[in-house]
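Got your viewer open? Here's a short walk through the model, one selection at a time.

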Amino acid sequence: MKCKYCNADIEQDAQFCPNCGKDLSKFNKCIKCGELLDSDTVFCPHCGTEQPHEEKDEVKGNGFKKWLLILPIIVLLVGAGAWYLFSDGFSFGDSSNVVVAESVDSDSIAEVDEIENDPVAVEAAEARQAMEEGIKELEEEEAKSEDEGYDSTLSERELTEEDLEGKTKKELELMRNSIYARYGYRFKRDDLFSHFSQFNWYNPTTSDMSTVYSSMSGIEKYNIDFIKKHE
């Protein structure tokens, strides 16, 4: 098979390229021909075989974290509801005293106040609110991780001098290349490739710069040129 970095011929089970020394363990292997493939490759470019894919560990991990947060709260809500139902809603001594349903009107304000002051009902409401807030927090963290390492302003409006004020040459370079990274450009420079590979949204699919550039909006192209002038 071929090394993904230097294209040298290497052994099928090689973990490092003997020619350039790069780590090859992060690449998948084609299930038919054994050639090294990117993790998001659907069809092998060498033999055309479709590759199996699984959900990302991070997605699974986020789902697991949600259930860890929600499950105990659900149990608490169910327990509180059951306690309230059987302690206040039913009388087992006389079947005629079983409360089936009760309408709420203007004369039942006192009963509503009593429910609101019930510690079990209050605890259930607080548990429900905590569950909703916990889910919202997880969703915000996921949304934040999707944008980490990329300034959405680069795609929304033309940059100004103020936007670049105080930034170093390296910061400007990363800012400019983050636009290419957003469009799946596979960087030839190892430092750029390694930097953007740490972000979930980076999905290198092509090394053709012209294809990537033609896919960009006019605002993004303007910002690339604007940043380049200040590097």
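Start by selecting K170, L174, N177, S178 and A181 in helix α6, then add D191, L192, H195 and F196 in α7: these two sets of residues meet each other. Sorted by class, this contact between α6 and α7 has four nonpolar, three polar and two charged residues. One thing to keep in mind as you click around: this is a predicted model.

Now show the two helices as cartoons, α6 as residues 169-182 and α7 as residues 190-197. How do their axes cross? At roughly 70°, coming within 11 Å of each other. Angles from 65 to 115 degrees count as roughly perpendicular, so α6 is roughly perpendicular to α7.

Next stop: the core. Select F187 and F196; of the 23 residues in the largest nonpolar core, these two touch the most other members. Colour α6, α7 and α9 (218-230) too, as each of them supplies at least two residues of this core. Which helix gives the most? That's α6, with six residues. As background, nonpolar side chains in soluble globular proteins tend to be buried together.

Stay on F187 and bring up its surroundings. Setting aside neighbours within four places in sequence, F187 is in contact with N177, Y180, A181, L192, F193, F196 and Y202. Then jump to a second, separate core: it has eight residues, and I10, A14, L24 and F27 are included.

Time to look at the other end of the element list. Select E35, in the loop between β1 (28-29) and β2 (36-37). Is E35 buried or exposed? Its relative accessibility is 14%, so E35 counts as buried, the cut-off for buried being under 20%. Show what surrounds it: not counting residues up to four places away in sequence, E35 touches M1, K2, N28, K29, C30 and H46.

While you're in this region, click on N7, in the segment before β1. N7 has a phi near 65°, which is a positive value in a residue other than glycine. With 52% relative accessibility, N7 counts as exposed.

Now go to E161, in helix α5 (residues 161-164). Draw a distance from its C-alpha atom to that of I227: the two are 66 residues apart along the chain and separated by 9.5 Å. For its contacts, select F226 and H230, which E161 touches once neighbours within four places in sequence are left aside.

H230 comes up again at the next stop. Select T168, in the loop between α5 and α6, and draw a C-alpha distance to H230: you should get 9.7 Å, for residues 62 apart along the chain. T168 is partly exposed, its relative accessible area being 41%.

Finally, zoom out to the whole chain. There are nine helices and two strands, and from the N terminus on they run β-β-α-α-α-α-α-α-α-α-α. Of the 231 residues, 29% count as buried. Switch on the surface: the protein exposes about 15,500 Å², with carbon and sulfur atoms supplying 53% of it. And if you count contacts between residues at least 6 apart in sequence, 44% of them join residues at least 24 apart.

Notes
Residues are numbered from 1 along each chain as its sequence is written. This is a predicted model: local features need pLDDT of at least 70, side-chain atom pairs count only at pLDDT 80 or more; totals for chains, interfaces and linings use all residues. Side-chain values use heavy atoms; hydrogens and water are left out. Axes are lines fitted to C-alpha atoms, for helices over the stretch in contact, and angles run from 0 to 180 degrees between N-to-C directions. Helices (H or I, at least four residues) and strands (E, at least two) are DSSP runs, numbered from the N terminus. Angles under 35 degrees count as roughly parallel, over 145 as roughly antiparallel, 65 to 115 as roughly perpendicular and the rest as oblique. Contact means heavy atoms within 4.5 Å. Ala, Val, Leu, Ile, Met, Phe, Trp, Tyr, Cys and Pro count as nonpolar, Asp, Glu, Lys and Arg as charged, and the others, Gly among them, as polar. Buried means under 20% relative accessible area, exposed over 50%, partly exposed in between (1.4 Å probe, protein chains only). A nonpolar core is a set of buried Ala, Val, Leu, Ile, Met, Phe, Trp, Tyr and Cys residues joined through side-chain atoms within 4.5 Å. Accessible areas come from the Shrake-Rupley method with a 1.4 Å probe; for residues, only the protein chains shown count as cover.
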